[in-house]
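Subject: Model for your files

Hello,

Here is the model I said I would pass on. My notes on its cysteines follow below.

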Amino acid sequence: MKLSKMIIACMCFTLLLMNAQCDSDDDLNDDSCGEFVIIDNSFFESAVSGDYTLVGYNLDQDCLTIEVSASGCDGETWSMVLVDSGNVAESSPEQRYLKFVFTNNEACLAVFNQSRSFNLSNIRVEGSNEVVLNIEGFPESINYVYP
């Protein structure tokens with residue numbers, strides 16, 4: 001009887017420890033904005049995007065959401081990444097050069113829209129609070145302002 005009480009107490013203590021976590025742990029794993037921008041000049045230079053139509057984009061703090069339209073079966077296998085060249089143009093404000101790389105291997109004639117969000121915080125320019133984003137194929141540059 002005493003042994004079973006001891007086992008139950010150990011199990012309760014273990015569950016209590018597993019449930020106790022800091023709020024800061026949640027912040028470290030906060031991917032609500034999506035993937036970070038990839039900074040890789042080799043990838044930037046060699047990347048070729050598939051066909052898509054830019055439906056629109058929205059910049060909200062560090063989060064850039066891009067909506068595209070393309071043909072496909074359901075869009076579930078589409079890959080979308082945002083790649084930065086790693087180069088910063090010394091202007092006022094500074095400028096960065098990016099490519100939106102869309103990959104679609106679906107061979108269907110239906111057309112779907114899909115949005116993807118990207119976290120821009122890793123392409124901030126030190127000592128500045130604004131950078132102009134020149135995304136290849138986009139009709140205009142995007143002013144990214146941050147604290």
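**Disulfides and their surroundings**

Cysteine 108 has a relative accessible area of 28%, so it counts as partly exposed. Please keep in mind that this is a predicted model. The bonding partner of cysteine 108 is cysteine 73, and the two sulfur atoms lie 1.9 Å apart. The pair ties together parts that are 35 residues apart in sequence, because cysteine 73 sits in the loop between strand 4 and strand 5 (79-89), while cysteine 108 sits in the loop between strand 6 (94-103) and strand 7 (110-119). The torsion about the S-S bond here is about 70°, so this disulfide is right-handed. Cysteine 73 is also partly exposed, at 40% relative accessibility.

There are two disulfides in the structure. The other one joins cysteine 33 to cysteine 63, with an S to S distance of 2.5 Å. This link is right-handed, with 115° about the S-S bond. Distant parts of the chain are connected by it: cysteine 33 is in the loop between helix 2 (23-28) and strand 1 (35-36), and cysteine 63 belongs to strand 4 (residues 63-72), 30 residues apart.

As for accessibility, buried means under 20% relative accessible area. Cysteine 33 is at 11% and therefore counts as buried. Cysteine 63 has a relative accessible area of 15%, so it is buried as well.

Counting bonded cysteines along the chain, the disulfides follow the pattern 1-2, 3-4.

Regards

Definitions and conventions: Residues numbered from 1 in each chain as written. Predicted model: local features only at pLDDT ≥ 70, side-chain atom pairs only at ≥ 80, totals over all residues. Heavy atoms only, no water. Disulfide = S-S within 2.5 Å. Helix = DSSP H or I, 4+ residues; strand = E, 2+ residues; numbered from the N terminus. Buried < 20%, exposed > 50% of the residue type's maximum accessible area, 1.4 Å probe, protein only.
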